[in-house]
2 protein chains.
Amino acid sequence: MSETQKRGRGRPSTFDRPSVLREAMKLFWDNGYEGTTFEELISKMSISPSTFYNSFGSKERLYREATENFMDYAQTWIQSALSEDGVTTRQAFAHLLESAAEQFTREDLPRGCMVSLSGTHQAPDLMPIRDMMVEYRAASEIYLADRIRKGIREGDMPSTIDVDALAAFIHAIVRGMAVQARDGASRAKLENIGRVAMEAWPEARRVAA
Amino acid sequence: MSETQKRGRGRPSTFDRPSVLREAMKLFWDNGYEGTTFEELISKMSISPSTFYNSFGSKERLYREATENFMDYAQTWIQSALSEDGVTTRQAFAHLLESAAEQFTREDLPRGCMVSLSGTHQAPDLMPIRDMMVEYRAASEIYLADRIRKGIREGDMPSTIDVDALAAFIHAIVRGMAVQARDGASRAKLENIGRVAMEAWPEARRVAA
DNA sequence: CGAATTTTGGAGTGAAAGCACCAAAAATGT
DNA sequence: ACATTTTTGGTGCTTTCACTCCAAAATTCG
């Protein structure tokens, strides 16, 4: 892609931006923002300090870019579950939790989720970073609620349910799965958590009522 | 209590150990280990650097002591819910989640939980601290499983259930509630999450079966 | 080919971090 | 009262942090 990209004049970069950004993402994901040093970054990214500064601005800007990069990627499997056609709302959410179990235990990426737990206990001077994470998390809960409302509109969810509470519940279970994933839980264990969680799904109770 | 305490000879402390330890705990709880500086600590604890070093050893040792202090306190309300006499296992866990909602939104302490999310993304050289947190979390899941097994022994839980999966589920929901609490969720919202979670409780399905 | 433009490597910088030391201060025990 | 023991305040230390600067290198445009 950098071949087809029209390059201005000047010395060309020797590194591939997407791939070094991914390396930065993995470092931040594993060690957190404060736990990742400048030296570690430029070492794993294989770039010099000046290249770092020149190409990514600062540690904080790189973190934001890495987080955006992560979210773009995460949206893929989230959308894939929630926007799937021809499935019930219940099936969509069951699929979402299965995907979370799978994604949180991938071999080629750090375990868990980069945004689920980040910035929850952070220095006051890093408030902007914390706020970014809080916003991302809040947005994903709204996303869940929207999918549930779609289910109500389409008739496969009872209109009497508390949409926000159910969305908050699913949100909480995913964050909890992220904690366990980082603590070493297997994919099977995470899948079990998701299965138990789906027992709380309103539709299941309709059978009982 | 320090009045009744037999003091050896030597100059007496001017500070109350439990209360400055509590200040340290609150700082670590809010800002995390890395996000809390030596200066902040001695400032909020109102002690000098040498007093700090002399009385608490190091930042890491203080953190461990503050964490133990937190766990002692947390065990109080956890035990209170899970060891309550004359209630079903289901009621005990419902009570536990209600207590979590209450405790995670206390006005006199930082929001959420000090150990639920700590050390999940941390620098490699702080691995001992991370390990401590992972152990605390694992221990609490075992604690939940033990309570469920007690329910099976006493006959108010079906013996066919997957105890570990159910314990992992409750564990996950509590950690997820901690994330939401730190992101600003109200007590009522956390209580709702707990209520929805309890819909997944096995006993509820027995009615349907 | 030469000028312009951009990237690169390496050394260096100020600030802050956590910690350590030392002598003075304030208690106890005989 | 005097020696002993322990705590205290202030200062200084070493390391690491994120970052910056500058000249050389490598490209494009005219």
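This passage describes a predicted model of protein chains together with DNA strands, beginning with chain A and then turning to the surfaces that face the DNA.

A good place to start is the overall build of chain A. Nine helices and zero strands make up its elements, and reading from the N terminus they follow one another as α-α-α-α-α-α-α-α-α. Measured out along the principal axes, its C-alpha atoms fill a box of roughly 70 × 40 × 30 Å. Chain A has 209 residues, and 49% of them count as buried. The contacts in this chain also tell a story about sequence separation: among those with a separation of 6 or more, 67% come from residues 24 or more positions apart. On the outside, chain A exposes about 10,200 Å², with carbon and sulfur atoms supplying 48% of that area.

Attention now moves to DNA strand C. There are 26 residues around this strand, and those that come nearest are A:Thr14, A:Ser50, B:Phe38, B:Tyr53 and B:Lys59. Of the strand C atoms that come within 4 Å of the protein, 72% belong to sugar and phosphate. Individual polar contacts help to fill in this picture. The side chain of A:Ser48 places an N or O atom 3.3 Å from a base nitrogen of DNA strand C. Two further side chains are paired with phosphate oxygens of the strand: a polar atom of A:Asn54 lies at 3.2 Å, and an N or O atom of B:Lys59 at 2.5 Å. Two elements, α3 of chain A and α3 of chain B, give two or more residues to the surface near DNA strand C. The most comes from α3(A), which gives four residues. Sorted by class, this surface holds seven nonpolar, 13 polar and six charged residues.

DNA strand D can be followed in the same order. Around it there are 26 residues, of which A:Phe38, A:Tyr53, A:Lys59, B:Thr14 and B:Ser50 come nearest. Sugar or phosphate accounts for 70% of the strand D atoms within 4 Å of the protein, and the rest belong to bases. Both backbone and side-chain atoms of the protein appear in the polar contacts here. From the backbone, a polar atom of A:Thr36 is 3.2 Å from a phosphate oxygen of DNA strand D. From a side chain, an N or O atom of A:Tyr53 is 2.6 Å from a phosphate oxygen of this strand. A base is reached as well, with a polar side-chain atom of B:Ser48 lying 3.3 Å from a base nitrogen of DNA strand D. The elements giving two or more residues to this surface are α3 (49–56) of chain A and α3 (49–56) of chain B. Here α3(B) gives the most, with four residues. The classes on the surface near DNA strand D are seven nonpolar, 13 polar and six charged residues.

One residue of chain B rounds off the description. B:Thr36 is found in the loop that lies between α1 (17–31) and α2 (38–45) of chain B. Is this residue buried or exposed? B:Thr36 counts as buried because its relative accessibility is 0%, and the cut-off for buried is under 20%. Beyond its neighbours within four places in sequence, B:Thr36 is in contact with B:Leu27, B:Phe28, B:Asn31, B:Leu41 and B:Lys59.

How values were computed:
Residues are numbered from 1 along each chain as its sequence is written. Chains are lettered from A and ligands numbered from 1 in the order in which they are written. This is a predicted model: local features need pLDDT of at least 70, side-chain atom pairs count only at pLDDT 80 or more; totals for chains, interfaces and linings use all residues. Side-chain values use heavy atoms; hydrogens and water are left out. A residue is near a molecule or strand if one of its heavy atoms lies within 4 Å of it. A polar contact is a pair of N or O atoms within 3.5 Å; within protein, one must be able to donate a hydrogen and the other to accept it, and residues adjacent in sequence count only if both atoms are side-chain atoms. Ala, Val, Leu, Ile, Met, Phe, Trp, Tyr, Cys and Pro count as nonpolar, Asp, Glu, Lys and Arg as charged, and the others, Gly among them, as polar. Buried means under 20% relative accessible area, exposed over 50%, partly exposed in between (1.4 Å probe, protein chains only). Contact means heavy atoms within 4.5 Å. Accessible areas come from the Shrake-Rupley method with a 1.4 Å probe; for residues, only the protein chains shown count as cover.
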